[in-house]
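Welcome to this guided tour. Please open your viewer, switch to a cartoon view, and keep the selection tool at hand.

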Amino acid sequence: MGNDVDGTAKVTLRQAEEEVITLASELIRIDSTNTGDPDTVVGERAAAEYVAAQLAEVGYDTTYVESGNGMKGRGNVFARLEGADPSRPALLVHGHLDVVPADASEWSVHPFSGAVQDGYVWGRGAVDMKDMVAMTLATARRLKRDGIVPPRDIVFAFLADEEAGGMHGAQWLVDNRPELFDGCTEAIGEVGGFSITVKDGVRAYLIETAEKGIAWMRLRVRGRAGHGSMLTDDNSVTRLSEAVARLGRHRFPLVMTDSVREFLAAITEMTGLEFPEDDIDGAVAKLGGLARIIGATLRDTANPTMLNAGYKANVIPSSAEAVVDCRILPGRQPAFERELDEVLGPDVEREWIANLPALETSFDGPLVDTMSASIMAEDPGAKVVPYMLSGGTDAKAFDRLGIRCFGFAPLKLPADLDFSALFHGVDERVPVEALEFGTRVLDRFLRHS
Ligand SMILES: [Zn+2]
């Protein structure tokens with residue numbers, strides 16, 4: 001990667017670094033809370049219009065799309081920057097505009113203030129993910145203003161409804177407007193590209209290459225209805241409770257996918273910390289806040305989350321229901337279901353009420369090399385490392401189009417910041433310097449991808 005930034009370009013890159021702070025702050029000030037209830041959606045449209053205006057101002061043609069189904073205000077914005085080689089497939093750069101709710105009484109600053117203070121931009125969305133939206137906008141604006149032609153087409157997508165599963169955003173667009181992604185074979189988005197400090201001043205940047213599947217399951221047990229005062233050996237509440245307790249306590253086997261194995265190997269190489277299979281949970285716990293995510297990618301999980309049965313204290317109901325939040329590793333769905341049936345036994349009916357499959361791509365190829373080089377140009381001692389996200393993102397939708405998805409929203413973070421706790425957390429905030437760093441990395445990455 002040569003030093004091809006001339007004097008003028010350096011000035012406009014500096015301008016992008018300044019812009020990114022304003023953009024992040026202004027985006028946070030647009031309350032785009034997504035509770036999951038479509039009737040309460042407030043600012044997604046305003047956020048989308050803001051993004052479209054920022055792009056149009058520097059000369060982009062933008063496409064504004066709302067999902068159908070009589071649903072209003074679920075704004076999605078697209079823009080394409082043409083590359084030098086039209087025969088090459090395009091790169092998708094995506095970010096979601098909605099945020100989860102925030103209770104202002106719990107925060108040090110108002111969650112929709114976008115306050116810039118103490119070296120941070122504060123507010124709901126600061127790390128999930130108006131930070132990346134702002135970095136993408138700042139970079140897209142700088143490339144257009146300077147007439148920089150990237151090696152291949154870049155498709156910028158700003159999306160609604162990620163926090164409720166993307167049914168009015170990415171998932172809807174893939175089903176109903178797949179032409180918007182024509183030619184895209186690779187994508188970057190959340191949740192990756194952030195640094196962890198592995199030893200004094202040495203950072204690893206985690207690139208998301210895999211996501212666990214999200215599978216919500218309803219369990220039902222049917223029994224004999226009857227009077228609560230009489231003897232019964234067929235109580236649906238008792239039998240459901242036993243099954244739910246068995247499942248909740250069940251530990252699924254340790255399964256190391258490539259992403260997890262490569263992550264642990266890289267950490268061992270950088271720190272000497274070993275991850276023996278007989279005490280892997282203990283070793284992973286030493287990773288600090290990140291252990292919350294990494295620990296959850298070692299095995300499938302099934303957490304009971306809802307119970308529903310009965311309508312009166314003295315009536316034994318004829319059925320009882322529970323909902324279980326299952327998170328399944330890539331490639332494990334059939335084995336997981338077999339194990340599930342063994343634990344639950346034959347009397348428990350089960351059905352999927354949501355099932356978004358896991359995904360995994362390999363950590364190799366020119367795009368990964370460019371990520372690595374772009375990071376290393378700004379943080380020379382660093383190393384990029386693949387990892388698996390225990391949750392889900394819009395990548396689940398784009399994976400259905402055969403697009404290779406990576407989490408790459410570059411941020412150089414202070415060693416003592418508990419970054420993973422900020423996602424959906426109180427006092428969500430992002431360092432000003434991290435946004436500037438990320439903008440420089442993204443600029444370099446997009447000019448060379
Ligand atoms: Zn997010």
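Select R152 and E186: are both buried or exposed? Both R152 and E186 are buried, where buried means under 20% relative accessible area, exposed means over 50%, and partly exposed lies in between (1.4 Å probe, protein chains only).

Before moving on, please note that this is a predicted model, in which local features need pLDDT of at least 70 and side-chain atom pairs count only at pLDDT 80 or more, while totals for chains, interfaces and linings use all residues. Residues are numbered from 1 along each chain as its sequence is written, and side-chain values use heavy atoms, with hydrogens and water left out.

**Stop 1: a buried pair**

Keep R152 and E186 selected and show their side chains. They meet in a salt bridge, with N and O 2.8 Å apart; the term stands for a side-chain nitrogen of Lys or Arg within 4 Å of a carboxyl oxygen of Asp or Glu. R152 lies in the loop between α3 and β6 (154–159), whereas E186 belongs to strand β7 (residues 184–189), so the pair ties together parts that are 34 residues apart in sequence. The labels α and β follow DSSP runs, numbered from the N terminus: helices are H or I with at least four residues, and strands are E with at least two.

**Stop 2: the strands around β7**

Now select β7 as a whole. Five of its six residues are buried, which leaves the strand mostly covered. Which strand pairs with β7 in the parallel sense and spans residues 90–96? That is β3, and the two share four bridges; strands count as paired if DSSP finds at least two bridges between them. To see the match residue by residue, find A90 opposite C184, and L91 opposite E186, the glutamate from the first stop.

Next, add strand β18 (residues 404–407), which also pairs with β7 in the parallel sense over four bridges. Here A187 has C405 as its bridge partner.

Then turn to β3 itself, where seven of seven residues are buried. Both faces are covered: A90, L92, H94 and H96 are on one side, and L91, V93 and G95 are on the other. β3 pairs with β6 as well, in the parallel sense over six bridges, and the bridge partner of L91 in β6 is I154.

**Stop 3: two salt bridges from α1**

How many salt bridges does a search of the whole structure find? The search finds 42. For two of them, select helix α1 (residues 7–29), which holds both R14 and E17, three residues apart, about one turn of the helix. An α-helix has 3.6 residues a turn, so residues three or four places apart point the same way. The side chains of R14 and E17 meet in a salt bridge of 3.1 Å, N to O. R14 counts as partly exposed at 37% relative accessibility, while E17 is buried at 7%.

Now select E19 and R145, whose closest N and O atoms are 3.0 Å apart in another salt bridge. E19 sits in α1 and R145 in helix α3 (residues 130–145), so this pair ties together parts that are 126 residues apart in sequence. E19 is buried, at 15% relative accessible area, and R145 is partly exposed, at 30%.

**Stop 4: an open sheet and its helix**

Select four strands in the order β12-β14-β10-β15: they form an open sheet with antiparallel pairing. The edge strands, each paired on one side only, are β12 (301–309) and β15 (349–356). Inside the sheet, β10 (residues 213–222) and β14 (residues 319–328) pair over ten bridges, and M217 stands opposite V324 in β14.

Add helix α9 (residues 333–344), which lies across β10, β12, β14 and β15. Which residues of α9 are buried? They are F336, E339, L340, V343 and L344. Look down the helix axis: these buried residues fall within an arc of 125 degrees (taken from the directions from the axis to the C-beta atoms), so they line one face of the helix. They pack against β10, α5 (236–249), β12, β14 and β15, with contact meaning heavy atoms within 4.5 Å. On the other side of α9, R338 and E342 are exposed.

For a last click, select G345, which follows α9 and has a positive phi, near 85 degrees.

Methods
Axes are lines fitted to C-alpha atoms, for helices over the stretch in contact, and angles run from 0 to 180 degrees between N-to-C directions.
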